[in-house]
Structure formats: structure tokens, C-alpha cells
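Q: I would like a close look at a single part of this model, namely the paired strands and what surrounds them. Please take the strand pairings in turn and keep the residue partners explicit.

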Amino acid sequence: MQALPARGTAVNIVANDEECAALARDLDLPAVHSLSAELLLSPFCKTGVRVAGRVRAKVTQSCVVTLEPVEETVDEAIDIRFLPADEIETVSEEIEVDPETEDPPEPLETGDLDVGQIVAEHLALGLDPYPRAPGATFDPRIEDAGDEEPESPFAKLRALKGEGQGE
């Protein structure tokens, strides 16, 4: 990996139409309309790198209730640190997770950093996991078959129990 200046290096990414289409396929989205990232790559410790900035995108997702298209704006912060894999201390004991502390550095396996992959991962993290079209509601008691009340899962058991009592 090339040495970074002490002040870091600004990296601006703007995805073209082909890259947006590929991301939409990879993330199983109807569309990624735009994607941009403003990042600062700066030195971390002596041999690592810190990637900080923002990912912004406009995407179309499918409503989880109606499957209608739902437009969404993603604005996700990035702040991730990398160290060469051989410099990361591995702990085989039980690990305590404290949400208030920084995440440990990620391993940098090959010495190369794929900034595009980091941006794509943070786009995926910023997506609404349950997008809903305006006014879409889910009521499990409603069936597509009509206005009939669905049969209780225990109705068959009650019927079988009733048959067994007559014998």
C-alpha cells in the first residue's frame, strides 16, 4: 500500500450508470439512481489506514407489504480503521462488546484497500431493512381468499379430539 500523507488523502466517488446498475443487482434492489461518497483516507498507527466520511445514495426498494416501489435516500457515515492482519491481536477468550467504544481495527489482508467495496458495504448498511409504501399495513388476520376469518390452527385438533370422545 502506498504511504498516505499525514493530513490524509481526500477521495470522492461518484458511481456511473453501469456501476449503479451493478450495485442494484448485487443488493437485489429495483434501482440505485445515484451514489456518491466523500472520504478521507488517513494514516492510522504506523502501518494502518483510517477511512472516514459519508456515503449518499438515492435508491428504489420494494415495499415489504405490497411490493410497490419505495424511494429512499441513504446517508450513512463511514469511520473504519484497518491494520495489517499480522498486527491485529487475536483474542481467543470471551469478548465483551461495549457499544460506546470504538470498533477494533479491521484486518488488511493483502495490503490493498478496496474503497469501492467499503462504500458498497456502507450503502447496504444504510438501507431500510423493512421499507414500506405510504399507508401500507400488514394484518396477519387478513387472507387474500376473502372476508372469511382464517381457521384456527387448533380447529383440526379440536375436531379430532371431539371424534375420539364418542368412541
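What is the mean pLDDT of the protein chain, and what share of its residues reach 70 or more? With that settled, which strands pair, and in which sense does S3 pair with strand S4?

A: This is a predicted model, and the mean pLDDT of the protein chain is 83, with 81% of its residues at 70 or more. Confidence varies among the elements: helix H1 (residues 17-26) has the highest mean pLDDT, 97, whereas helix H3 (residues 155-165) has the lowest, 69.

To begin with the pairing of strand S1 (residues 9-14), this strand runs antiparallel to strand S2 (residues 31-44) and is joined to it by 6 bridges; within this pairing, Val14 has Ser36 of S2 as its bridge partner.

Strand S2 is also joined to strand S3 (residues 48-62), again in an antiparallel arrangement, here by 13 bridges. Two partner pairs can be followed along this pairing, since named residues help to place it on the model: Leu35 is partnered by Ala57 of S3, and Leu40 is partnered by Ala52, likewise in S3. The hairpin formed by S2 and S3 has 3 residues between the strands, and in it Cys45 takes a positive phi near 55 degrees.

Side chains also connect these two strands, as Glu38 and Arg56 meet in a salt bridge with an N to O distance of 3.8 Å. This pair links distant parts of the chain, with Glu38 in strand S2 and Arg56 in strand S3, 18 residues apart. In general, side chains of opposite charge can pair when their charged atoms come close. The structure holds 4 salt bridges.

On to the next pairing, where S3 and strand S4 (residues 69-84) are antiparallel and share 14 bridges. Ala52, the bridge partner of Leu40, stands opposite Asp79 in S4, while Val51 has Ile80 of S4 as its bridge partner. The hairpin of S3 and S4 has 6 residues between the strands, and Leu67 takes a positive phi near 70 degrees there.

The sense changes with the pairing of S4 and S5, which is parallel and comprises 3 bridges; here Phe82 has Glu106 of S5 as its bridge partner. Glu106 also leads from the strands to the surface, where it gathers with Asp103, Asp112, Asp114 and Glu121 in a patch of negative charge. Another member of this patch, Asp114, lies in the loop between strand S5 (106-108) and helix H2 (115-126).

Terms used:
Residues are numbered from 1 along each chain as its sequence is written. This is a predicted model: local features need pLDDT of at least 70, side-chain atom pairs count only at pLDDT 80 or more; totals for chains, interfaces and linings use all residues. Side-chain values use heavy atoms; hydrogens and water are left out. Patches are made of residues with over 30% relative accessible area and no salt bridge: like charges are joined within 9 Å, nonpolar side chains (Val, Leu, Ile, Met, Phe, Trp, Tyr) within 5 Å. Accessible areas come from the Shrake-Rupley method with a 1.4 Å probe; for residues, only the protein chains shown count as cover. Lys and Arg count as positive and Asp and Glu as negative; His and the chain ends are not counted. The place of a charge is taken as NZ of Lys, CZ of Arg, CG of Asp or CD of Glu. Helices (H or I, at least four residues) and strands (E, at least two) are DSSP runs, numbered from the N terminus. Two strands pair if DSSP finds at least two bridges between them. pLDDT is the predictor's confidence in each residue, from 0 to 100.
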